[in-house]
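Hi,

Here is the structure I promised to send over, with the sequence alongside. Have a look at it first, and then read on for what turned up.

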Amino acid sequence: MNAFERKTLAARLLPLVMMGALAACGGGGGSDDTGGGGNDDDNTANTGPTVSAGADQEALARKNVTLAAAADDADGSVSSVGWTQTDGTEVTLTAGDSGSATFTAPDVDTQETLTFTVTATDDDGATATDTMSVVVTPSVTLSAKAYDGPLKNATVTVTVGDRTYTATTNDEGVFVLDIGSPDPDAMITIVATGGPGQENAELVSIAGTFGALATAAGEDGTLESTESGVVDV
């Protein structure tokens, strides 16, 4: 190939090389419109919810108990909160599929601990749980009278072992009071102190043991003075 032919071939190839280079440069600019969104919010990891079951509680047998939970989700919303019982005598939860559930404490013969777990679920399906307990104590309702003609508007203090309960009598000297004790052998003392106009009056009754009063109260758990006069003061 002579010199003229080599120059002619080079002239023909040069436009093809330049077109290829331009095509390569043009292809790189398209990624700003299509591939630049790889770090959008859809790829951010979900933060799960938080939930608190609240402080442990104590309750007397046959009394209403409320379970109140607090739930939150930092990067979204809480879609559901629900309670389940995990230990103890089974109770029926009202509104158990909400943050605030209620139940009636079971009628127990000895002190018993019920355990409950609350679960919160966020709008991405993540969950969190917390647990709390309710200590249920055997109880008796005293329906009795403090009388010294009668002792109206008196303050009645009932001491059961190391526990103290108070009530106020009506104009007929009648009082109604729920008392509880984990110890059936705990002694019960009832003291009635006079109200206005009877400030100097103080009546005392030794009512016996908690277990004896609970037996006398029967299945309804209420001990009236007609069932046992020891509860009158």
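In this predicted model, the largest pocket has 17 lining residues. Those nearest its centre are Asp107, Val108, Asp109, Ser139 and Ala214. Two elements each supply two or more residues to that lining: strand E9 (139–145) and helix H3 (210–217). Helix H3 is the top contributor, with five residues.

Since you will probably want to know what sort of surface this is, here is the make-up by class: eight of the lining residues are nonpolar, six are polar and three are charged. The space in the largest pocket comes to about 220 Å³.

The other thing to look at is a sheet. It is open, has four strands in the order E2-E8-E7-E5, and its pairing is mixed. Strand E2 (57–60) and strand E5 (78–87) are the edge strands; each has a single partner strand, so one side of each has no neighbour in the sheet. Going from one strand to the next, the twist averages 25 degrees.

Within that sheet, strand E7 (residues 112–122) runs antiparallel to strand E8 (residues 127–137), and ten bridges make up the pairing. If you would like a spot to check the register on your screen, take Ala120, whose bridge partner in E8 is Ala128.

So there are two places to start: the pocket lined by 17 residues and the four-stranded open sheet. Happy to go through either of them with you whenever it suits.

Best wishes

Notes: Residues are numbered from 1 along each chain as its sequence is written. This is a predicted model: local features need pLDDT of at least 70, side-chain atom pairs count only at pLDDT 80 or more; totals for chains, interfaces and linings use all residues. Side-chain values use heavy atoms; hydrogens and water are left out. On a 1 Å grid over the protein atoms alone, a cavity is a set of points where a 1.4 Å probe fits but cannot get out, and a pocket is an open set with protein on both sides within 12 Å along at least five of seven lines; lining residues have an atom within 4 Å of a point. Grid points are joined across faces, edges and corners, and a volume is the space filled by probe spheres set on the points. Ala, Val, Leu, Ile, Met, Phe, Trp, Tyr, Cys and Pro count as nonpolar, Asp, Glu, Lys and Arg as charged, and the others, Gly among them, as polar. Two strands pair if DSSP finds at least two bridges between them. Axes are lines fitted to C-alpha atoms, for helices over the stretch in contact, and angles run from 0 to 180 degrees between N-to-C directions.
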